[in-house]
Amino acid sequence: MLDQVLAHINSARTSSGLSAYTLSADLSKASAAHSALMVGGCGLSHQCAGEAGLGDRFTAAGVSWTSAGENIGQGNAGNNQAEIIAAANGLTDLMLAEVAPNDGHRKNLLNSGFKRIGLAVTRGADGRVWVTQDFVN
């Protein structure tokens, strides 16, 4: 599933003349841990109660970095892989459609300085789909 979400993001990058992101397993572990906290009751937040900050989370996961960013989103989908992927890609499309000055998600997705991405897509029992996209140089 993450391969299809990554391909969707990388298609937007290459269309904009940027190199594709490399999926980082360690960064994706940090993404998954954050998504689990959001699903578990934290809600849509970049830092849940008691959770380390973004950079500390990445370092703790074994990721070396000097610049970092994060996108999070929440949508809804049925309980099958095709709908979950469609929800995740739809959230990415909404982020890519942002316009200045409220285009922080778009800037992360199309940042020429970021080279690696961590991804987590999680569907809760309530049908909500949670997406965490973490970026580092």
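## The disulfide

The link of C42 and C48 is left-handed, with -95° about the S-S bond, in what is a predicted model. The sulfur atoms of C42 and C48 lie 2.1 Å apart and form a disulfide; because a disulfide is counted when a pair of cysteine sulfur atoms falls within 2.5 Å, the pair of C42 and C48 at 2.1 Å qualifies. The structure holds one disulfide, and a disulfide is, in general terms, a covalent bond between the sulfur atoms of two cysteines.

The two ends of this link can also be described by their accessibility. C42 has a relative accessible area of 30% and is therefore partly exposed, whereas C48, at 5% relative accessibility, counts as buried. The cut-off behind the second assignment is that a buried residue has under 20% relative accessible area, while partly exposed residues lie between that value and 50%.

## Fold and overall dimensions

The protein chain contains five helices and four strands, and along the sequence these elements follow the pattern α-β-α-α-β-α-α-β-β. The radius of gyration of the protein chain is 14 Å, close to the 14 Å that the globule rule gives for 137 residues, so the chain is as compact as a globular protein of that length. Taken along the principal axes, the box filled by the C-alpha atoms of the protein chain is roughly 40 × 30 × 30 Å.

Of the contacts in the protein chain with a separation of 6 or more, 68% are accounted for by residues 24 or more positions apart. Buried residues make up 44% of the 137 residues in the protein chain.

## Surface and charge

The area exposed by the protein chain is about 6400 Å², and carbon and sulfur atoms supply 53% of that area. The protein chain carries 9 positive and 11 negative charges, and the mean positions of these two sets are 5 Å apart; histidine and the chain ends are not counted among these charges.

## A buried threonine in helix 4

T92 is placed in helix 4, which covers residues 81-96. With a relative accessible area of 1%, T92 is buried, because this value falls under the 20% that bounds the buried class.

When residues up to four places away in sequence are left out, T92 touches H8, I9, L109 and Q133. The surroundings of this buried residue are thus described by contacts with residues on either side of helix 4 in the numbering, H8 and I9 as well as L109 and Q133.

Methods. Residues numbered from 1 in each chain as written. Predicted model: local features only at pLDDT ≥ 70, side-chain atom pairs only at ≥ 80, totals over all residues. Heavy atoms only, no water. Helix = DSSP H or I, 4+ residues; strand = E, 2+ residues; numbered from the N terminus. Rg over C-alpha atoms; globule rule 2.2 N^0.38 Å. Buried < 20%, exposed > 50% of the residue type's maximum accessible area, 1.4 Å probe, protein only. Contact = heavy atoms within 4.5 Å. Areas by Shrake-Rupley, 256 points an atom, 1.4 Å probe, with all protein chains shown as cover. Charge placed at Lys NZ, Arg CZ, Asp CG, Glu CD.
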